[in-house]
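Let's take a walk through this structure together. Have a look at the fold, then read on.

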Amino acid sequence: QISTLPELSPPQAYVRGTITALVVALPAGVLNQVLVAGGDIEAGSPWAILFWILIMFGAAGGGWAVRRLSPGCHLAWAAAAGASAYAVVQAIGVVRRLVTGDPISWLAYPFLAVLMATCGMLGAIYAGRMTRRYGDGNDS
């Protein structure tokens with residue numbers, strides 16, 4: 001049985017989902033950028049890939065939160081939460097690169113934002129599946 005959560009409107013759930021995604025994605029993204037920029041790990045190393053997986057799980061967690069807090073909302077809200085979290089993390093990276101003079105790959109950002117939106121939708125789909133399987137917690 002899943003515990004009962006207060007049902008929110010889709011915009012409220014989107015904000016909370018974005019914050020949920022940022023709780024995981026922001027520290028992982030910043031740590032990845034610091035370690036790669038410092039030369040402690042290489043850009044294609046298993047550690048960097050692990051950080052990317054954590055960032056994607058953060059987006060999925062944000063999508064999951066959106067769907068659990070607003071079960072009737074469209075998947076677009078969950079996708080937006082994942083993409084918004086990615087935008088915040090990458091904004092920090094872009095500012096850092098502009099300050100240090102490192103090159104910026106502008107073409108990669110939209111494609112990676114779509115990847116994060118997809119992870120957010122997958123998290124929402126999983127939350128919907130859990131609710132259908134275990135109930136929404138209102139059966140007392």
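The paragraphs below start with the whole chain and then turn to its helices.

First, a word on what you are looking at: this is a predicted model. The chain has a mean pLDDT of 89, with 94% of its residues at 70 or more. Among the elements, α2 gets the highest mean pLDDT, 93, while α4 gets the lowest, 91. As a rule of thumb, where pLDDT is low, the predicted coordinates should not be read in detail.

Now for the overall layout. The chain holds four helices and zero strands, so if you trace the sequence, the pattern you read off is α-α-α-α. Along its principal axes, the C-alpha trace spans about 55 × 25 × 20 Å. Of the 140 residues, 37% count as buried. Take the contacts between residues at least 6 apart in sequence, and you'll find that 76% of them join residues at least 24 apart.

What about the outside? The chain exposes about 8,000 Å², and carbon and sulfur atoms supply 69% of that area. As for charge, there are 8 positive and 6 negative charges, and the mean positions of the two groups lie 7 Å apart.

Let's zoom in on α3, which covers residues 75-100. How far apart should the ends of its 26 residues be? At 1.5 Å a residue, the helix should span 38 Å, and its end C-alpha atoms are indeed 38 Å apart, so the two values agree. Plenty of names turn up on the buried list of α3, among them Ala-78, Gly-82, Tyr-86, Val-89, Gln-90 and Val-94. And what covers these buried residues? The cover includes α1 (10-37), α2 (46-69) and α4 (108-134). Right after α3 comes Gly-101, with a positive phi near 85 degrees.

Next up is α4, with 27 residues. The same sort of check works here: at 1.5 Å a residue it should span 39 Å, and because its end C-alpha atoms are 39 Å apart, expectation and model agree. Its buried residues include Tyr-109, Met-116, Cys-119, Gly-120, Gly-123, Ala-127 and Met-130. Which helices do the buried residues of α4 pack against? They pack against α2 and α3. Just past the end of α4 sits Gly-135, which takes a positive phi of about 90 degrees.

How values were computed. Residues are numbered from 1 along each chain as its sequence is written. This is a predicted model: local features need pLDDT of at least 70, side-chain atom pairs count only at pLDDT 80 or more; totals for chains, interfaces and linings use all residues. Side-chain values use heavy atoms; hydrogens and water are left out. Helices (H or I, at least four residues) and strands (E, at least two) are DSSP runs, numbered from the N terminus. The expected span of a helix is 1.5 Å times one less than its number of residues. Buried means under 20% relative accessible area, exposed over 50%, partly exposed in between (1.4 Å probe, protein chains only). Contact means heavy atoms within 4.5 Å. Accessible areas come from the Shrake-Rupley method with a 1.4 Å probe; for residues, only the protein chains shown count as cover. Lys and Arg count as positive and Asp and Glu as negative; His and the chain ends are not counted. The place of a charge is taken as NZ of Lys, CZ of Arg, CG of Asp or CD of Glu. pLDDT is the predictor's confidence in each residue, from 0 to 100.
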